[in-house]
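Thanks for coming. I will take a few minutes to walk through one structure, mostly from the side of one chain.

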Amino acid sequence: MTELQDTARRLLDEGEVKVVIGWEEGRRGVRPVFVTSAADCDRLVFDTRCVHNLATFLNPRRSQVASLGKAALVVKGCDAKAVAGLLREAQIERDGVVLIGVRCGGVVGSPVAPDAPALTAETVASRCFACDVREPGLVDVLVGDAQPEPPGSGTLDERIAALDALGPDERFAFWTNELSRCTQCYACRQACPLCYCERCIVEKTEPQWIETSPHPRGNFAWHLTRAQHLAGRCVGCGECERACPVGIPLALINRKLQQVVLELYDYTVSDDPAVPAPIGAYATDDTQDFIK
Amino acid sequence: MSDTKKKKSASSKAATPVTDAAVAGTASTADGSVVAAQVADASEPLALGEARFLTSEALGWLVEGLAAAGTPAVAPAWAGDAGRAAGGVGDAPETEYRVVSGAAELALGERLPRLSLKQFFLPPTEVLFSYKRNGADIELTPAQAARDTVVLGARPCDVAALPIVDKVMNWDYADELWNARRAATTVFSLSCKVEDDSCFCSAVFLGPAALKGSDGRLTPVDGGYLVEAFTDKGAAFVAAHADAFADLPDASANSAQAEQFRAAARERVAGNLQVDHGRLRDWLDHHFDDPFWASLGPRCNGCGVCASVCPTCHCFDIVDEPESVGSGVRRRNWDTCQTCVFTLHASGHNPRGDQNARYRQRIEHKFLAYPLKFGDVLCTGCGRCSRACPTGQDMAEILTAIDARAAEDAS
C-alpha cells in the first residue's frame, strides 16, 4: 500500500500527472477515487475489493475526467487488458497515461464490505478463474507483493457447459426469462471499458437498428448486438454484470464469447496492445467454417 | 443465506413479466382521481378495535386465493432468476416486487427489492396506443384498462413515492395511465426494519413506518402481521377478505410489540442522515457553478442505474415502433437525465455537456426544483441509488457534504 501511495505522490509532486485514478475506502467499501493532490495520496488502497475496471475512466468521451489533466491509472490485470484494448483500437495514446500496475491474486464479487475479505473458493469472483495475469505487463511502474493464483474452480465454465448441454428451446427459455428483466438502462454498456462509442448503435435512429423498448424483441436485439460487438474485445472483467440492477448473468455471455473466440481464432485477450484482435486482423488461416 | 431460501428461489416460478395486460391503464376510464393517504409517520397506533391480525399462513393463502381469483397481488418475492455469474452484489438472495401466486415466493421484510414499486405504476415499457392504417383511415386502439391490483408488504419508502410522483403526473396534464393504475391499486405497506446505513427515510420527512401513500399497513408481530387500514380502499380490501384477517390474539400485547418494532426501526435509521432542507435548498439555489459539482462527475458512469432503481424518478421517452407496414405501436419507456443523450440537441449542442452537469441535475431536481414547485422532496430515502451505484456514489454522503457547505454559508 505504501509503495502505491508513494508512487502516486511522486507522480503528482513531480508534475508528471495531474490526477491519479485508483481506489479509496468509501463509506460502503471501496470505490474509484480521483486524487489530484499529493497530500491526498494516503487515501489510495488496493485489496480484494477493488473490482471496478478503472480503464472506463480513460474513455476520451468522459470529458469530466479528461478535464482533470493527464492521469496515472492504477491497473490490475483486467484493467491493463482493457487499457490495451483502448490502445489497440486507437482510443488513447500510450504516452497520454501513466500506468501503475498492481499485482493481483483475484478479487471478490462485490466492493461493498467493511474490510477486504480473504480470497477463498466461496468469495473469489468467478471470472478470476479465467484470468492468467497476476502481474500486469502493460505498466510504467509495478507495485505490490507477488500474488498466488486465485482459489476456486471454473464455476463459470460449469454453468456455461450446463447451458450448452440444453436443447435450443430450453436455452432460449433460459435467456428469455433472464432478459425479461432488462429495462434497457444500459448500465452494462456504461460500466464497460470497451464500450466507448460516441454514439452507441442503440441510440441511432436513422435507421433505428435496435428497439429501445425493453420488451423481449428489443432486449434480445440489444444483448445479442452488444455480445457481437464485444466478441474478441471483452476482457472478462464482469463489470457489466455487477452494474446490472436486475441481476442478468451477463458474465455467462462474455465467457462464452471468450471460449468461441479462442476456438475459432486461437485468441485470448491479453494486455499486450501489439497483438491485434481477430476483428482487426487478417489471417489466411482464419477459420471459414461459418461460410456455408 | 439459508439453503431453504435458495431452493425456494431456484424452484419458484419464473418472474411474472409486467405485461401490459397486467398493469396498463386506459384513457377512457381514467378519472384522474387519486386516493392517497397523506399522513406522517404515526407513533400512535390506531384504536385497537381497528387493527386486525394476518398470520403468515393466512397471508400465504390470501395470496393464493387472489391469484386463483385473477386479482394481481404484488409483493416482495425471491428473485426468480438464475443468479449472477461473475459474483454477486451481496451475499443475501435478491428479491423483487412481482405478481405473486404462492406463499413460497413471498419475501416480505427480507432484502430490499431490487427495483422499487414504481414499475407497477410506470412500467419500464408500456403501450400508449396502437395504430393501423386502413386505406385513408387510421384506426387507433387505446392502451388496455388498468386492472384492480393489490400490493402487499411494500416498503414505506416505495409507497410514499406514489403521492410524490402523483404531483408531477397531475401538474401540466393529468397522466391518465398513471392515475388509472393509482386508482385501481390498493397498497398495504410493511413497517420496515431498516435495510442498512444507506437508508435515510427519516431525513426526508418520512420514516420506516411512514403512512404516506398507504391504504393500509402491515407490521410484523409474533406469528404474522398486525394490519391497519387508513383509507376506504384499505378497509374495503380487509372487509372483502375478512376470512384472512383475524382478531388480534392479544390486542394490547400485539399493539405494543408492533410499536416496539417501529420505534426500534426509527432509532436505527435516525443516525444515518440529518440535513436541514431549507438551507440545503438555498445553497443549491445559489451554487449552480460551484466547484463541488466537479467532484461528483468523474466517478459517475452516467448509466442512470440510480434513476432505474429510484422510486421517484419518473422521466420517460416516447417511441413509435412499426409492427409491420401500416401498423405499429406508440410506447413509453423509462429514461434518465444521467445519460449524455437525454439533453443532446439536434444541433449537436448539449446544455448538460458532462457528467458534472448531469449529476448536479439529479441533485437539483430532487432537492431544489421539485421542492420549490411541489413543496416536498423528490426522494424517499430508500438508498437504492447508493446501493445500486457500480462506482460507489453515495447519496447520504453527498447530501451531508452539501448540508455542511450550506451550514458554512449560513454562519
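**Chain B and its contact with chain A**

Helix 4 of chain B, residues 156-169, lies across strand 3, strand 6 and strand 7 of that chain, and runs at about 145° to strand 7, which spans 185-190. Before I go on, please keep in mind that this is a predicted model.

A second helix belongs in this picture. Helix 5 of chain B, residues 176-184, also packs on the sheet and touches strand 6 and strand 7. The direction of helix 5 makes about 65° with that of strand 7 of chain B.

Now the sheet itself. In what order do the 7 strands of this open sheet in chain B come? The order is 1-9-8-7-6-2-3, and the pairing is mixed. At the edges stand strand 1, residues 52-55, and strand 3, residues 95-99; each has a single partner strand, so one side of each is left without a neighbour in the sheet. Neighbouring strands are turned by 30° against each other on average, ignoring direction.

For one parallel pair, take strand 2 of chain B, residues 73-78, and strand 6, residues 149-154, which are joined by 2 bridges. Within strand 6 of chain B, B:Val151 is the residue opposite B:Val74.

Let me turn to the other sheet. Here 4 strands of chain B form an open sheet, ordered 5-4-11-10, with antiparallel pairing. Why do strand 5 and strand 10 of chain B each have one side without a neighbour in the sheet? Strand 5, residues 137-142, and strand 10 stand at the edges with a single partner strand each, so that side is left free of a neighbour. From one strand to the next, the twist averages 20°.

Strand 4 of chain B, residues 125-134, pairs with strand 5 in the antiparallel sense over 6 bridges. In that pairing, B:Tyr131 has B:Leu140 of strand 5 as its bridge partner. Helix 5 of chain B comes up again at this point: it packs on this sheet as well, touching strand 4 and strand 11, with a direction at about 125° to that of strand 4.

Further along the sheet, strand 10 and strand 11 of chain B are antiparallel and share 8 bridges. One of the pairs across them is B:Asp320 with B:Arg330, the latter in strand 11 of chain B. The two strands form a hairpin with 2 residues between them, where B:Gly326 takes a positive phi near 85°.

That brings me to the other chain. How many residues of chain B are in contact with chain A? The count is 52, and they meet 50 residues of chain A. Between them the two chains bury about 4000 Å², with 48% of it on carbon and sulfur atoms.

There are 6 salt bridges between chain B and chain A. The side chains of B:Arg299 and A:Glu24 form a salt bridge, at 3.0 Å from N to O. Polar contacts between the two chains come to 28 residue pairs.

Several elements of chain B give two or more residues to the side that touches chain A, among them helix 9 (305-309), strand 11 (327-334), helix 10 (355-374) and helix 12 (395-410). Strand 10 of chain B gives the most to that side, with 4 residues. By class, the side of chain B that touches chain A has 20 nonpolar, 18 polar and 14 charged residues.

That is where I will stop.

Key: Residues numbered from 1 in each chain as written. Chains lettered and ligands numbered in written order. Predicted model: local features only at pLDDT ≥ 70, side-chain atom pairs only at ≥ 80, totals over all residues. Heavy atoms only, no water. Contact = heavy atoms within 4.5 Å. Buried area = accessible area lost by both parts, 1.4 Å probe. Salt bridge = Lys/Arg side-chain N within 4 Å of Asp/Glu carboxyl O. Polar contact = N/O pair within 3.5 Å; in protein donor to acceptor, adjacent residues only side chain to side chain. Nonpolar A, V, L, I, M, F, W, Y, C, P; charged D, E, K, R; others polar. Pairing = 2+ DSSP bridges. Axes fitted to C-alpha atoms, helices over the stretch in contact; angles between N-to-C directions.
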